[in-house]
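The exercises below are to be worked with the sequence and the structure side by side. Try each task before reading its solution.

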Amino acid sequence: MALLHTRVPPLLLTLLLLLALWLLSWVTPEFQVYHPVRFLVAGLMLAVGSYFCIAGVLGFRRANTSVDPRNPEAASNLVTGGVYQISRHPMYLGFACLLVAWGVYLSSPWLLLVLPLFVLWIYYFQIRPEEKTLENKFGQAFLDYKAKVPCWL
């Protein structure tokens, strides 16, 4: 399983799951949700997800560190400010919110399977290896940060 660690870019995984939700929505019945509520929830989740993704990338850019999740060893700085004060992995949180937004918009019952699949994949194959690398690279500074800030939210 270590072969899969940090190999699948999280953005690619998110896009594939968004596509899967869309394709599955064609062949499965949808949840019956009052349209204004569905659009409101989807819009809010889209806004929240976009915020976390953009703020996460901007935080990395400001710190002049690598944004490439496939190579956590390239991190030159430990980013703990901005959105990273409330989530250690705001971009992954943002991707999860985007999946929720799309699933709610499509009224797809498959969201109930796709979202946990995404969270488990990201946790085991991305977050754990990343955090091990950051712990090795930044030592006690990362451990202190990890103790103060939750993984997701």
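Glu131 is buried, with a relative accessible area of 7%. The model is a predicted one, and the exercises start from this residue.

**Exercise 1. A network of charges**

Task: Find which residues are joined with Glu131 into one network by salt bridges.

Solution.

Step 1. Recall the general idea: side chains of opposite charge can pair when their charged atoms come close.

Step 2. Look for a first partner. Glu131 and Arg88 form a salt bridge, and their closest N and O atoms are 2.7 Å apart. Glu131 belongs to helix α4 (residues 111-138), whereas Arg88 sits in the loop between α2 (35-62) and α3 (90-106), so this pair ties together parts that are 43 residues apart in sequence.

Step 3. Look for a second partner. Lys146 also forms a salt bridge with Glu131, with 3.8 Å between the closest N and O atoms. Because Lys146 lies in helix α5 (residues 140-148) and Glu131 in helix α4, the pair ties together parts that are 15 residues apart in sequence.

Step 4. Join the two results. The salt bridges share partners, and they link Arg88, Glu131 and Lys146 into one network.

**Exercise 2. Buried or partly exposed?**

Task: Decide whether Arg88, with a relative accessibility of 11%, and Lys146, with 32%, are buried or partly exposed. Then do this for the salt bridge between Asp68 and Arg70.

Solution.

Step 1. Set the cut-offs: buried means under 20% relative accessible area, exposed means over 50%, and partly exposed is in between.

Step 2. Apply them to the network. At 11%, Arg88 counts as buried. At 32%, Lys146 counts as partly exposed.

Step 3. Turn to the other pair. The side chains of Asp68 and Arg70 meet in a salt bridge of 3.1 Å, N to O. Asp68 has a relative accessibility of 30% and therefore counts as partly exposed. Arg70, at 43%, is partly exposed as well.

Step 4. Check the count: the structure holds three salt bridges.

**Exercise 3. The surroundings of Arg88**

Task: List what Arg88 touches, leaving out residues up to four places away in sequence.

Solution.

Step 1. Collect the contacts. Arg88 touches Glu131, Tyr145, Lys146, Val149, Pro150 and Cys151.

Step 2. Pick out the polar contacts. The side chains of Arg88 and Glu131 are joined by one of 2.7 Å. In addition, a polar atom of the Arg88 side chain lies 2.6 Å from the backbone oxygen of Val149.

Step 3. Follow one contact further. Tyr145 is placed in helix α5 and is buried, with a relative accessible area of 6%. Apart from neighbours within four places in sequence, Tyr145 is in contact with Val79, Thr80, Tyr84, Ser87 and Arg88.

**Exercise 4. The nonpolar core**

Task: Which residues of the largest nonpolar core touch the most other members, and which element gives the most to this core?

Solution.

Step 1. This core has 31 residues, and Tyr84, Phe118, Ile122 and Trp152 touch the most other members.

Step 2. The elements giving two or more residues to the core are α1 (10-27), α2, α3, α4 and α5. The most come from α3, with nine residues.

Step 3. Take Tyr84 as a case. Beyond its neighbours within four places in sequence, Tyr84 is in contact with Gly56, Gly59, Phe60, Val79, Pro90, Met91, Tyr145 and Val149.

**Exercise 5. The faces of α1**

Task: Compare the expected span of α1 with the distance between its end C-alpha atoms, and find where its buried residues fall.

Solution.

Step 1. At 1.5 Å a residue, the 18 residues of α1 should span 26 Å, and the end C-alpha atoms are 26 Å apart, which agrees.

Step 2. The buried residues of α1 are Pro10, Leu13, Thr14, Leu17 and Leu21. Seen down the helix axis, they fall within an arc of 100 degrees, so they line one face of α1.

Step 3. These buried residues pack against α3 and α4. On the other side of α1, Trp26 and Val27 are exposed.

**Exercise 6. Positive phi**

Task: Where are Thr6 and Ser107 placed, and what is notable about the phi of Thr6 and of Ser107?

Solution.

Step 1. Most residues other than glycine have a negative phi.

Step 2. Thr6, in the segment before α1, has a positive phi of about 55 degrees although it is not a glycine. Thr6 is buried, at 8%.

Step 3. Ser107, in the loop between α3 and α4, is not a glycine either and has a positive phi of about 55 degrees. Ser107 is buried, at 4%.

Methods
Residues are numbered from 1 along each chain as its sequence is written. This is a predicted model: local features need pLDDT of at least 70, side-chain atom pairs count only at pLDDT 80 or more; totals for chains, interfaces and linings use all residues. Side-chain values use heavy atoms; hydrogens and water are left out. A salt bridge is a side-chain nitrogen of Lys or Arg within 4 Å of a carboxyl oxygen of Asp or Glu. Buried means under 20% relative accessible area, exposed over 50%, partly exposed in between (1.4 Å probe, protein chains only). Helices (H or I, at least four residues) and strands (E, at least two) are DSSP runs, numbered from the N terminus. A nonpolar core is a set of buried Ala, Val, Leu, Ile, Met, Phe, Trp, Tyr and Cys residues joined through side-chain atoms within 4.5 Å. Contact means heavy atoms within 4.5 Å. The expected span of a helix is 1.5 Å times one less than its number of residues. The arc is that of the directions from the helix axis to the C-beta atoms. A polar contact is a pair of N or O atoms within 3.5 Å; within protein, one must be able to donate a hydrogen and the other to accept it, and residues adjacent in sequence count only if both atoms are side-chain atoms.
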